[in-house]
Amino acid sequence: MAARAKIGDQIKDAVTRDLVNACAKLAHKAALDAYRNHTYRNRTYALHDSYGSAVYLDGRLVPETIKYVERAYQKKGDNRGWRGASDPEGMRGKNFDTGRKALQAYLANPPRMSKRSKGITILVVAAQWYATILEGKGYTVLDPRTVSSSITYNFDAYIAPILDK
């Protein structure tokens, strides 16, 4: 008889639970490696706070797997990150979010994730809206090669022990 365990009413068996938890650790390691390789300079820490990872099981987010790169550094009153705004009114724009809020919103509803997909999906993201603008100007924000090589390099350390059970 298989051991039963529940995480958010999604994961019923112990092997799947262990795989999801191992994937969460693997994704967090990849997010840390990606952040260490950024080339932009932090001013408001909004982009820093938007780095994170999560695991999806059959297209649904497993909330317990959400990991942040580090603690939040963005200050509440710092409005320099909002399109050059120098007053608090600029902070109230409809597209402005702190880095953490942007990350949580992105992970709750990622644009390319299908609810019908099967299996375990790892998502590593820098969710602040201007990340692609910085990359377009030649800065490195989230290098897919760094994420891929981190996952490949650490796969055996995190996933192989689960598959050996």
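**Figure 1. Salt bridges in the predicted model.** The structure holds 4 salt bridges. The model is a predicted one. Three of these pairings get a close-up below: D18 with R17, R36 with D33, and D143 with R145. The packing of two helices, α1 and α5, follows in later views.

**Figure 2. D18 and R17 form a salt bridge.** The two side chains meet at 3.1 Å, N to O. D18 has 15% relative accessibility, so D18 counts as buried. R17 has 25% relative accessibility and therefore counts as partly exposed. The cut-off for buried is under 20% relative accessible area.

**Figure 3. R36 and D33 pair within helix α1.** Both residues lie in helix α1. They sit 3 residues apart, about one turn of the helix. Their side chains meet in a salt bridge of 3.1 Å, N to O. R36 is exposed, at 55% relative accessibility. D33 is buried, at 16% relative accessibility.

**Figure 4. D143 and R145 form a salt bridge, and a network links other residues.** The side chains of D143 and R145 meet at 3.3 Å, N to O. D143 counts as buried because its relative accessibility is 16%. R145 has a relative accessible area of 64%, so R145 is exposed. Elsewhere, K29, D33 and R36 are joined into one network by salt bridges that share partners.

**Figure 5. Helix α1 packs against helix α5.** Helix α1 covers residues 14–36. Helix α5 covers residues 144–158. Their axes are 9 Å apart, and the packing angle is about 140°. That angle makes α1 oblique to α5. Angles over 145 degrees would count as roughly antiparallel. The crossing of α1 past α5 is right-handed.

**Figure 6. Residues at the contact of α1 with α5.** From α1, the contact is made by A22, K25, L26, K29, A30, D33 and A34. From α5, T146, V147, S150, I151, N154, F155 and Y158 take part. By class, the contact has 8 nonpolar, 3 polar and 3 charged residues. Among the α1 residues here, D33 also has a salt bridge with R36. K29, another α1 residue at this contact, belongs to the salt-bridge network with D33 and R36.

Conventions. Residues numbered from 1 in each chain as written. Predicted model: local features only at pLDDT ≥ 70, side-chain atom pairs only at ≥ 80, totals over all residues. Heavy atoms only, no water. Axes fitted to C-alpha atoms, helices over the stretch in contact; angles between N-to-C directions. Helix = DSSP H or I, 4+ residues; strand = E, 2+ residues; numbered from the N terminus. Parallel < 35°, antiparallel > 145°, perpendicular 65-115°, else oblique. Left-handed = near helix turned anticlockwise from the far one by under 90°. Contact = heavy atoms within 4.5 Å. Nonpolar A, V, L, I, M, F, W, Y, C, P; charged D, E, K, R; others polar. Buried < 20%, exposed > 50% of the residue type's maximum accessible area, 1.4 Å probe, protein only.
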